Amino acid sequence: MIYLIKPIIETIKVLGRERFTTQFPEERESLPDSYRSMFKLDIETCISCSACARICPNNTITMVGIITEKGNKVMPEIGIERCLFCALCAEVCPPKCLTLTKNYEVLEAYDKRKFIKRPEELE
Ligand code: SF4
Ligand code: SF4
């Protein structure tokens, strides 16, 4: 019975302390400016140059065909399950149409194939 007393005392001691966990999803932690998560691609301004695919250190980007209002183009498909979130692809993009947002909630899935996002899914 004596072995129960110490944990009970410790529990009572922390009861009055300020809570340091957040009640997700009602409460959200603020993210730093440099936080990088889900990609956003502006299909209207992508010039299909493939610079993003060439610079990617993890071969995460594949250029795939896409039908746009301006005709058939090739644009980046990103396998986010292998992404390092280094943002090199966004840095080299000439029209800055590929960016990394702070939206991390869309990066939840049990099947890793769901992380392979076609250009249309990056809008
Ligand atoms: S953030 Fe880095 S690893 Fe991810 S797709 Fe871009 S270049 Fe590749
Ligand atoms: S996203 Fe940017 S770097 Fe990639 S193909 Fe389009 S314009 Fe080029």
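Leu84 is exposed, because 11 other C-beta atoms lie within 10 Å of its own, and a residue counts as exposed at 12 or fewer. The model it belongs to is a predicted one. Leu84 sits in the loop between S3 and H3. Leaving out residues up to four places away in sequence, Leu84 touches Pro57 and Asn58. Another pairing worth a look is Leu84 with Tyr35: 49 residues separate them in sequence, and their C-alpha atoms are 13 Å apart in space. Leu84 also appears among the closest residues to ligand 1.

**Backbone features in the loops**

Right beside Leu84 in your viewer is Phe85, in the loop between S3 and helix H3 (88-92). Phe85 is not a glycine, yet its phi is positive, at about 55°. With 13 other C-beta atoms within 10 Å, Phe85 is partly exposed. Ser48 is a second case of a non-glycine residue with a positive phi, also about 55°. Ser48 belongs to the loop between S1 and H2 and counts as partly exposed, with 14 C-beta neighbours inside 10 Å. For context, most residues other than glycine have a negative phi, and most peptide bonds are trans. The peptide bond between Phe24 and Pro25 is cis, with omega about 5°. Pro25 is found in the loop between helix H1 (2-15) and S1.

**The two ligand shells**

Which residues come closest to each ligand, and how many surround it? The table sets out the shells.

| Ligand | Surrounding residues | Closest residues | Classes in the shell |
|---|---|---|---|
| Ligand 1 | 14 residues | Cys56, Cys83, Leu84, Cys86 and Cys89 | 12 nonpolar, 2 polar, no charged |
| Ligand 2 | 15 residues | Cys46, Cys49, Cys52, Cys93 and Leu98 | 13 nonpolar, 2 polar, no charged |

Around ligand 2, the elements that give two or more residues to the shell are helix H2 (51-55) and S3. For anyone setting up charges, note that the shell around ligand 1 has no charged residues, and the shell around ligand 2 has none either. In this count, cysteine is classed as nonpolar.

**The sheet**

Three elements build an open sheet: 3 strands in the order S2-S3-S5, with antiparallel pairing. Strand S2 (61-68) and strand S5 (116-117) are at the edges; each has a single partner strand, so one side of each is left without a neighbour in the sheet. Strands of a sheet pair through backbone hydrogen bonds, either parallel or antiparallel. S2 and strand S3 (residues 71-79) run antiparallel and are joined by 8 bridges. A hairpin is formed by S2 and S3, with 2 residues between them. To follow the register on screen, you can start from Thr62, whose bridge partner in S3 is Glu77. Further along, Gly65 stands opposite Val74 in S3.

**The nonpolar core**

Where do the buried nonpolar residues gather? The largest nonpolar core has 14 residues, and those with the most contacts inside it are Phe39, Leu41, Cys52, Ile61, Ile78, Cys89 and Leu98. Strand S1 (39-41) and S3 are the elements that give two or more residues to this core. Some of these names have come up already: Cys89 is one of the closest residues to ligand 1, while Cys52 and Leu98 are among the closest to ligand 2.

Leu41 makes a good point from which to explore this region. Leaving aside its neighbours within four places in sequence, Leu41 is in contact with Cys46, Met75, Pro76, Cys97, Leu98, Pro119, Leu122 and Glu123.

**The chain as a whole**

Zooming out, the protein chain has 3 helices and 5 strands. Read from the N terminus, its elements follow the pattern α-β-α-β-β-α-β-β. The radius of gyration of the protein chain is 22 Å, well over the 14 Å that the globule rule gives for 123 residues, so the chain is more spread out than a compact globule. Taken along the principal axes, its C-alpha atoms fill a box of roughly 75 × 30 × 25 Å. Of the 123 residues, 15% count as buried. Among contacts with a separation of 6 or more, 72% come from residues 24 or more positions apart.

Conventions:
Residues numbered from 1 in each chain as written. Chains lettered and ligands numbered in written order. Predicted model: local features only at pLDDT ≥ 70, side-chain atom pairs only at ≥ 80, totals over all residues. Near = placed C-beta within 6 Å. Pairing = 2+ DSSP bridges. Helix = DSSP H or I, 4+ residues; strand = E, 2+ residues; numbered from the N terminus. Core = buried A, V, L, I, M, F, W, Y, C linked by C-beta atoms within 7 Å. Buried ≥ 20, exposed ≤ 12 C-beta atoms within 10 Å, placed from the backbone. Contact = placed C-beta atoms within 7 Å. Rg over C-alpha atoms; globule rule 2.2 N^0.38 Å.
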